[in-house]
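Trainee: I keep seeing words like "buried" and "core" in structure notes. Could you walk me through how each one is earned?

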Amino acid sequence: MVIGYVCETDPFKDRYAWSGLLFKIRESIEKAGFQVVWIPFDMNTKFVRMFEKLRWKVYNICGKKLILGGVHFLPVAYGYAKSIRKNELFNKCDVLFFPRGGQIGLFLRTKKPILYYSDATAYLMNNYYWKKCHPLSVKMACLLERKASQKAFLNIRASQWAINSVIEDCRSNPSRCVVLEFGACIDESDIHPNIPYKGGVLQILFSGVEWERKGGDVAVQTVQLLRGRGYDAILNIVGIKELPEYCQQYSFVKNHGFLNKNNPEAYRRYIELYKNSHIMLLPTQAECAGIVFSEAAGFGIPTYTYATGGTENYVVSGVNGYALSPNLGAEEFADQISKDIESNNISHLHQGALRLYSERLSWDAWSKRFMSIIDQMELAK
């Protein structure tokens, strides 16, 4: 079986696009035993540029309310499809796999089964990630999402939260909907279990590129509280190019900046942070999935986050960490972390993380489950 992998950048070379997921998903499909061919869509055709320019004009006319672009804007999605139809590999594959962007498939005249894989739906994104969107733009995005999900032979989503929306909001057939979590976007050869925390300096890792959305303030406050309770806690921050000015007064906050995994030296430093961490603390306010949770699990690092979006597929309370209610704050995070350390539950969470990684959050597990999904799809034909 030849799988046509439809995305904008080369998934055989680019290890950064979509946080590295385009590369890792493609690699895992091949590990499952399938041949993958890249079918790119052109984001810079004259047709696409014309309608993107129109979108910005409408944005200004509508009082600068966000007009969603790309696959959420019907003419642009159609333009992407036009460029795909010209690719000779389009006719040579047996299945079309869309790692996001399944809306493009609406404009392809084909009987090939479409597999649509993503971590959210337009319905979920509105007023969650997307802020101040024009209502008509949201309506268009949701229409495209619904039609794309209904056209897909199989809807694969990265969390139960997302798949529930595919079923309930998009009204897709539940028998054609499955959950398949994202794995870690680092090489398996670089993942080795850490030693659980036994005392001394407590190395806490915060990983994210958006300070406010990822809950940076809550993380700093939590570590302050832990230090006040006698823990020699250090907060290592990666992904943030520049911290808020107030953080500079704290010697326990170490900013490692943004580390591009395409750069070998930056990648090595990223891995070292995981190797030396005891806990991941990410009080994220909005999260579709969170590949850093899978990365932490691979090293056996207990994770503390909020129960929001798709996080609970990756952080199972009492197993590999805790996903707290979003209405709680730094005090509750500090309480849970200190309780787990004092009771030695931290060792239990360490083992739970390794088990969850092996069973569900590694790309090896992903490949096996994907192969099973494809087998079931063949039986359904």
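**What earns each label**

Mentor: Sure, and keep in mind that this is a predicted model. Let's begin with the largest nonpolar core, which has 91 residues; Ile25, Ile29, Phe182 and Phe370 touch the most other members.

Trainee: What makes a set of residues a nonpolar core?

Mentor: The members have to be buried residues of the nonpolar kinds on the list, such as Ile and Phe, joined through side-chain atoms within 4.5 Å. There is also another core apart from the largest one, with 26 residues, including Ile39, Phe107, Tyr116 and Ala152.

Trainee: Which residues does Ile25 touch, leaving out those up to four places away in sequence?

Mentor: Ile25 touches Tyr5, Trp18, Phe97, Tyr117, Phe182, Trp363 and Trp366. As a general point, nonpolar side chains tend to be buried together in soluble globular proteins.

Trainee: Why is helix α1 called mostly covered?

Mentor: Count its residues: α1 runs over residues 21–31, and nine of the 11 are buried. Those buried ones are Leu21, Leu22, Phe23, Lys24, Ile25, Arg26, Glu27, Ser28 and Ile29. Just after α1 comes Gly33, with a positive phi of about 105°.

Trainee: Why does Trp18 count as buried?

Mentor: Its relative accessibility is 16%, and buried means under 20%, so Trp18 gets the label. Trp18 is found in the loop between β1 and α1. Its phi is near 50°, a positive value in a residue other than glycine.

Trainee: Lys13 is in the loop between β1 and α1. Why is Lys13 called exposed?

Mentor: Exposed takes over 50%, and Lys13 has a relative accessible area of 67%, so the label fits. The C-alpha atoms of Lys13 and Val319 are separated by 35 Å, and these residues are 306 apart along the chain.

Trainee: What makes Arg100 partly exposed?

Mentor: At 28% relative accessible area, Arg100 lies between the 20% and 50% cut-offs, so it is partly exposed. You'll find Arg100 in the loop between β3 and β4 (114–118). Arg100 also has a positive phi, near 70°, in a residue other than glycine.

Trainee: And how do you know that His278 is buried?

Mentor: His278 has 18% relative accessibility, under the 20% limit, so it counts as buried. It is placed in the loop between α8 (264–275) and β10 (279–282). Leaving aside neighbours within four places in sequence, His278 is in contact with Ile195, Tyr197, Val201, Leu202, Gln203, Ile301 and Pro302.

Trainee: Why is Asn87 called buried?

Mentor: Its relative accessible area is 16%, which is under 20%, so Asn87 is buried too. Asn87 is in the loop between α3 (74–85) and β3 (95–99). Beyond residues up to four places away in sequence, Asn87 touches Ile39 and Pro40. The C-alpha atoms of Asn87 and Ile39 are 7.0 Å apart, with their positions 48 residues apart along the chain.

Trainee: What makes the whole chain as compact as a globular protein of its length?

Mentor: First, the secondary structure comes to 12 helices and 12 strands. The radius of gyration is 22 Å, close to the 21 Å that the globule rule gives for 381 residues, so the chain is as compact as a globular protein of that length. Of those 381 residues, 58% count as buried.

Definitions and conventions:
Residues are numbered from 1 along each chain as its sequence is written. This is a predicted model: local features need pLDDT of at least 70, side-chain atom pairs count only at pLDDT 80 or more; totals for chains, interfaces and linings use all residues. Side-chain values use heavy atoms; hydrogens and water are left out. Helices (H or I, at least four residues) and strands (E, at least two) are DSSP runs, numbered from the N terminus. The radius of gyration is taken over C-alpha atoms; the globule rule is 2.2 Å times the number of residues to the power 0.38. Buried means under 20% relative accessible area, exposed over 50%, partly exposed in between (1.4 Å probe, protein chains only). Contact means heavy atoms within 4.5 Å.
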